[in-house]
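Me: I'd like a close look at a single part of this protein, the sheet and whatever sits against it. Walk me through it in plain bench talk, please.

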Amino acid sequence: MTVLAALLRGVNVGGRQSLPMADLRRLLVDLGHGDVQTYLQSGNAVFTTERTDTAKIASEIEQGVAALGVADPGCLVLEPGRLRRVVDGDLLAEQAADPAKYQVVFLSDPPPPDSVAAIDRAAYLPDVFAAGEREVYVYYPEGIRRTKLTHAFFQKKLGVRVATARNWNTVTALLERVS
């Protein structure tokens with residue numbers, strides 16, 4: 001049995017992309033997963049499964065969430081090893097002094113190196129970012145409210161199918177839950 005984390009993109013507790021976490025838990029159980037727990041109210045779930053194809057699991061979750069009325073859902077399913085690699089390989093550890101202003105943008109695919117290099121980092125200062133294997137670490141020293149370095153920005157600029165961001169506290173909490 002493997003423990004996995006599902007991260008949904010663009011799921012809100014209220015508004016037009018509303019998905020109650022009880023519905024997400026029920027969906028995951030209906031898909032055959034066990035020990036389902038959601039974390040916060042923003043589309044984070046941890047569950048057990050005997051299956052190993054995370055891309056297929058993510059696709060099934062996306063289809064199920066779409067059937068529940070969420071338009072264009074995106075989902076990434078992460079293994080404990082990927083979360084561990086992200087936390088242990090923290091590329092902005094020395095700069096990111098406030099975890100509330102620090103996010104990891106998880107990507108469905110590795111970003112092409114030329115697309116990362118094409119982003120003019122100076123244009124987004126004081127916000128800074130560093131691209132990892134299949135994630136982008138982003139620190140917003142003045143806060144996240146007005147930044148242009150969003151998950152949607154990176155999804156478009158890096159040409160990946162899904163990008164979804166979680167703050168550092170959530171990333172480390174999810175790692176604890178899958179470990």
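How many bridges join β1 to β4, and do they run parallel or antiparallel?

Reply: Bear in mind that this is a predicted model. Between β1 and β4 there are five bridges, and the two strands run antiparallel. To see one such pairing, find R9 and look across to β4, where its bridge partner is G74.

Now zoom out to the sheet around that pair. It is an open sheet of four strands in the order β2-β3-β1-β4, with antiparallel pairing. The edges belong to β2 and β4 (74–78); each has a single partner strand, so one side of each has no neighbour in the sheet. On average, neighbouring strands here are turned by 20° against each other, if you ignore direction.

Next, the helix that sits against it. Helix α1 covers residues 21–30, and M21, L24, L27 and L28 in it are buried. Those four cover an arc of only 115° around the axis, which means they are on the same side of α1. As for what they touch, the buried residues of α1 pack against β1 (2–9), β2 (34–39) and β3 (44–49) from the sheet, and also against α2 (54–67). Just after α1 you'll come to G32, which takes a positive phi of about 100°.

One last stop is the largest pocket, which holds about 370 Å³ of space. It is lined by 18 residues, and the closest to its centre are S42, Q103, A165, R166 and N167. Strand β8 (residues 163–167) gives the most to that lining, with four residues.

Terms used: Residues numbered from 1 in each chain as written. Predicted model: local features only at pLDDT ≥ 70, side-chain atom pairs only at ≥ 80, totals over all residues. Heavy atoms only, no water. Buried < 20%, exposed > 50% of the residue type's maximum accessible area, 1.4 Å probe, protein only. Arc of directions from axis to C-beta. Contact = heavy atoms within 4.5 Å. Pairing = 2+ DSSP bridges. Axes fitted to C-alpha atoms, helices over the stretch in contact; angles between N-to-C directions. 1 Å grid on protein atoms, 1.4 Å probe; cavity = no way out; pocket = protein on both sides within 12 Å on 5 of 7 lines; lining within 4 Å. Points joined across faces, edges and corners; volume = space filled by probe spheres on them.
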